[in-house]
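Subject: Structure handover

Hello,

Here is the structure for you to look through. My notes follow below it.

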Amino acid sequence: QVDSDTGYGLEVGAEFPLIRNIGFDTISCIFELIDNSVDAEASKIYVWWVRDEKTKLYTLRIKDNGIGVPRRRVVPVFTKLGIKERYLINRTGHYGIGAKATLINLLLDGTATITTTHEGVTSIFNITHTKDNDVKKVFGYYDDPNAESGTMIVIPGIKSKLQVERLIREISCVYYPNTENYDDFSIIVNDKEIDFVDP
């Protein structure tokens, strides 16, 4: 007998070892989120990469002034591996993997919070991972007609050796081309505006 289901399936829980073994290091994860902000037409992107001296773990917080994520798309955008996106020449992301890969790789045990405002609706989405790779999701939204659009993502408890100096240096080169497209484009890391460098 032939199975009539179409496409490939993914065993529950298989996404964690699968995604953690395809080469997403800390800096590429951070760049994935910055790329998403660029794709959301953000001209200002704030990155906080802060180490807790007691636990030696980092918290990543990224905030932008982009168009935000529509309420109905928040859960799939941040939890469904692979999303059909219309191909546009000026888009960085196309396959719907980056944000999920970032969460899977950086959030080993704890709760990430995504807050996004799009067209007067603010959505708040909490994703909790445990050491056993269990996932809990809590989603809510409210009308917020006076709020500015944009997205903020907070991921706590990150084990990493990435130094903020390296992060700043690489951002200054990697995102230099964006200054050619936007006169007011800026990335601010730990409250310091990046001086972009032509590589």
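A cut-off to begin with: a residue is buried under 20% relative accessible area, exposed over 50%, and partly exposed in between. By that scale C173 is partly exposed, because its relative accessible area is 30%. C29 is buried, at 0%. A search of the whole structure turned up 0 disulfides.

Please keep in mind that this is a predicted model. The mean pLDDT of the chain is 87, and 81% of the residues score at least 70. Confidence is lowest in helix α1 (residues 15-20), where the mean is 61. Confidence is highest in strand β2 (residues 58-64), at 98.

**Overall layout**

The chain has 6 helices and 8 strands. Read from the N terminus, the order of elements is α-α-β-β-α-α-β-β-β-β-α-α-β-β. Of the 199 residues, 39% are buried. Among contacts with a separation of 6 or more, 58% are between residues 24 or more positions apart.

**The sheet**

How are the 8 strands ordered in the sheet? They run β5-β4-β3-β6-β2-β1-β7-β8. The sheet is open, and its pairing is mixed. β5 (135-143) and β8 stand at the edges. Each has a single partner strand, so one side of each has no neighbour in the sheet.

Start at the β5 edge. Strand β4 (residues 121-129) pairs with β5 in the antiparallel sense, over 9 bridges. Here F125 stands opposite F139 of β5.

Now the other end. Strand β1 (residues 44-51) pairs with β7 in the parallel sense, over 4 bridges. V47 has V189 of β7 as its bridge partner. On its other pairing, β7 meets strand β8 (residues 192-193) in the antiparallel sense, over 2 bridges. I188 stands opposite E193 in β8. The hairpin of β7 and β8 has 2 residues between the strands. In that hairpin, N190 takes a positive phi near 50 degrees.

Which way do the side chains of β7 (residues 186-189) point? S186 and I188 point one way, I187 and V189 the other. All of them are buried.

**Helix α5**

The buried residues of α5 (164-174) are L167, I171 and S172. They cover an arc of only 130 degrees around the axis, so they lie on the same side of α5. What covers them includes α2 (26-39), β1 and β7.

**Helix α4**

Is helix α4 (residues 98-106) enclosed or open? Here 9 of the 9 residues are buried, so α4 is largely enclosed by the rest of the structure. The set is G98, A99, K100, A101, T102, L103, I104, N105 and L106. Note that K100 is in that buried set.

**F78**

F78 is found in helix α3 (residues 74-79). F78 counts as buried, at 8% relative accessibility. Leaving aside neighbours within four places in sequence, F78 contacts V69, A99, K100, L103, I114, F125, I127 and I153. Three of the buried residues of α4 listed above, A99, K100 and L103, are thus among the contacts of F78. F125, which stands opposite F139 in β5, is also one of them. A101 of α4 is 23 residues from F78 along the chain, and their C-alpha atoms are separated by 9.3 Å.

**S160**

Where does S160 sit? S160 is in the loop between β6 (150-158) and α5. Is S160 buried or exposed? S160 is buried, because its relative accessible area is 18%, and the cut-off for buried is under 20%.

Two polar links involve the S160 side chain. One is a polar contact of 3.2 Å with the side chain of T26. In the other, a polar atom of the S160 side chain lies 3.0 Å from the backbone nitrogen of L162. Beyond neighbours within four places in sequence, S160 is in contact with T26, W49 and Y58.

**Where to look**

For a quick tour, begin with the S160 side chain and its polar contact with T26. Then go to F78 and its contacts, including those with A99 and I153. Finish at the β7 and β8 hairpin, with N190.

Best wishes

Definitions and conventions:
Residues numbered from 1 in each chain as written. Predicted model: local features only at pLDDT ≥ 70, side-chain atom pairs only at ≥ 80, totals over all residues. Heavy atoms only, no water. Buried < 20%, exposed > 50% of the residue type's maximum accessible area, 1.4 Å probe, protein only. Polar contact = N/O pair within 3.5 Å; in protein donor to acceptor, adjacent residues only side chain to side chain. Contact = heavy atoms within 4.5 Å. Disulfide = S-S within 2.5 Å. Pairing = 2+ DSSP bridges. Arc of directions from axis to C-beta. pLDDT = per-residue confidence, 0-100.
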